[in-house]
Amino acid sequence: MTTATPVKTEYEAIIGLETHCQLSTNTKIFSNSSTAFGADPNTNIDPVCMGLPGVLPVLNAKVLEYAVKTGLALNCQIARYSKFDRKQYFYPDLPKNYQISQYDLPIAEHGGIEIELVDDAGNPIRKRIGITRLHMEEDAGKLVHAGSDRISGSTYSLVDYNRAGVPLVEIVSEPDLRSGQEAAEYAQELRRIVRYLGVSDGNMQEGSLRCDVNISVRPVGRKEFGTKVEIKNMNSFSAIQKAIDYEIERQIAANESGEKIVQETRLWEEGSQRTISMRVKEGSSDYRYFPEPDLAPIQVSEQQLATWLSELPELPAQKRHHYENELGLSAYDARVLTEDSSVADYFESAIKSGANPKSAANWITQDIAAYLNKQKLTIAEIALTPAHLADVITRIETGKISNAQAKEKLADLLSGVSPEKAFAGQELISDPTILEPIIDQVLAENPQQLEKYRGGNTNLKGFFVGQVLKKTGKRAEPKLTNELVEKKLNA
């Protein structure tokens, strides 16, 4: 969750994102080549994705299913009839010299998702961001430039066609975003959604999630948009935020100095933390779209739609509301627990096993999370089951063990030791008839400290409590021990 910070009050930023999300199918959108990441260059290719003469594309059925499910999760209207189109442009990484995409009849339109930020006081701010459209398309290949990260300045370039034909959905937002923070949070929420659905891993480092930003600024109160600039080459959510914030300031400075802003595509340079001009922006007419002649139109039946809708899981925003409103968790805890569906599943399983929701949230987001980060593990890789975590929490809350005892045994529990074995013979002593003689013995053994306490040094109470804990092997129930020690000290 990020803190909302507005741009300069005399100007307003208008921001929209075009997000390309790779679908987690085993094969490409129109052929049987593998989509596995990291293969040797030009090994995951075939005649269809290379556009060789005489071959025809066939739509991967999983691509349609994943696209529709994503559209439903984004609250879009699903088109019962849509089609593919050819988007024609010439670039070395496009072997056919055209890309099969969707133009005027996309698979999904008119949706929206909720993003959540916090104000300066820590209160959650929820905002709906509209989704203009979602469409299916194939990816292009990848250029590798020798001596530079782009073609300008490189000595030569190599092309890897492994990504050519990899299935994508492009998600286009409405221009509802107003800051780099909102845009970064929107992109993160998209990634949460596709991961919950299981349609994409959303890995930005591997190119599974890529965002292009369209941004303009205008004086506050003006209805007309300013000149739009597109930013590419952002491979992290932090880069999205920084690139937008830089571009907002650049455009504001240009407006104030009278410099004309041109419609162009710019690149984000991570090293210099700035955007630089790449090329003048093309218009849709430059691509000469026309219906793809080798693929039949797509028709989604009522039965398909009903089946895919029934298979949708509870999504992150729904879980956040449920955790806050019904389980009484803070917005922060709800956000951390729902960041990953496996963590949310673990938490919910612990609750079903009898754990107090707040206690379970504290253990998962604090002690267990710290262990996972240190060991570089996921929650699915630990041996502490949700039922065992619930058992530990119940033991603490019923006074059988202390919180300190549980933390001392956490490493054992995480490695698979059962609570029964971990806490065997360590149940807390909560019987006053057992504790009182031990306290009397401690007082008798420490007459000087007792005299100082009764002379006004009440801080020594902790000393006596510590001695009782020491004699009982830390098994004396803390609250009762404190009460009994104080009663006897003041007798």
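Q: Where does Asn75 lie?
A: In this predicted model, Asn75 lies in the loop between α1 (61–73) and β2.

Q: Why is Asn75 called exposed?
A: Asn75 has a relative accessibility of 52%. Exposed means over 50%, so Asn75 counts as exposed.

Q: What makes the phi of Asn75 worth a remark?
A: Asn75 has a positive phi of about 60° although it is not a glycine. Most residues other than glycine have a negative phi.

Q: Which strand holds His110, and what is its phi?
A: His110 is in strand β6. The phi of His110 is near 55°, again a positive value in a residue other than glycine.

Q: Why is His110 called partly exposed?
A: The relative accessible area of His110 is 48%. That value lies between the 20% limit for buried and the 50% limit for exposed, so His110 is partly exposed.

Q: How do you know that β2 is an edge strand?
A: β2 (77–78) pairs on one side only. Its partner is strand β6 (residues 108–118), to which β2 is joined by two bridges, and the two run antiparallel. In β6, Ala108 is the bridge partner of Ile78.

Q: What makes β2 and β6 a pair?
A: Pairing takes at least two bridges. Two bridges join β2 to β6, so they pair.

Q: Which sheet contains β2, and what is the strand order?
A: The sheet is open and has nine strands in the order β2-β6-β7-β10-β1-β11-β12-β13-β14, with mixed pairing. The edge strand at the other end is β14.

Q: What senses of pairing are found around β13?
A: Strand β12 (residues 229–232) and β13 pair in the parallel sense over three bridges. β13 and strand β14 (residues 274–280) pair in the antiparallel sense over six bridges. Arg266 in β13 stands opposite Ile231 and also opposite Ser277 in β14.

Q: What connects β13 to β14?
A: The two strands form a hairpin with four residues between them. In the turn, Gln273 has a positive phi of about 55°.

Q: How do you know that β13 is mostly covered?
A: Six of the six residues of β13 (residues 264–269) are buried. Glu264, Arg266 and Trp268 point one way, while Thr265, Leu267 and Glu269 point the other way.

Q: Which residues have the most contacts inside the largest nonpolar core?
A: They are Ile15, Tyr186 and Ile240, in a core of 95 residues. Helix α2 (residues 180–197) gives the most to this core, with eight residues. At least three residues come from each of domain 1 (11–303) and domain 2 (314–423).

Q: Which residues does Tyr186 touch?
A: Leaving out residues up to four places away in sequence, Tyr186 touches several residues, including Leu17, Ile113, Ile129 and Leu177. There is also a second, separate core of 17 residues, and among them are Ile429, Ile439, Ala476 and Leu480.

Q: Why are Tyr287 and Tyr289 called an edge-to-face pair?
A: Their ring centres are 6.1 Å apart and their planes are at 70°. A pair needs centres within 6.5 Å, and planes over 60 degrees apart count as edge-to-face, so both conditions are met.

Q: Are Tyr287 and Tyr289 buried or partly exposed?
A: Tyr287 has a relative accessible area of 15%. Buried means under 20%, so Tyr287 is buried. Tyr289, at 22%, is over that limit and under 50%, so Tyr289 counts as partly exposed. Both belong to one aromatic cluster with Tyr89 and Tyr103.

Q: What makes Phe463 and Phe464 an edge-to-face pair?
A: The ring centres are 5.2 Å apart, and the planes are at 75°. The distance is within 6.5 Å and the angle is over 60 degrees, so the pair is edge-to-face.

Q: Why is Phe464 called buried and Phe463 partly exposed?
A: Phe464 has 1% relative accessibility, which is under 20%, so Phe464 counts as buried. Phe463 has 26%, which lies between 20% and 50%, so Phe463 counts as partly exposed.

Methods
Residues numbered from 1 in each chain as written. Predicted model: local features only at pLDDT ≥ 70, side-chain atom pairs only at ≥ 80, totals over all residues. Heavy atoms only, no water. Core = buried A, V, L, I, M, F, W, Y, C linked by side-chain atoms within 4.5 Å. Buried < 20%, exposed > 50% of the residue type's maximum accessible area, 1.4 Å probe, protein only. Domains from an automatic or database assignment. Contact = heavy atoms within 4.5 Å. Phe/Tyr/Trp six-rings, centres within 6.5 Å; stacked < 30°, edge-to-face > 60°.
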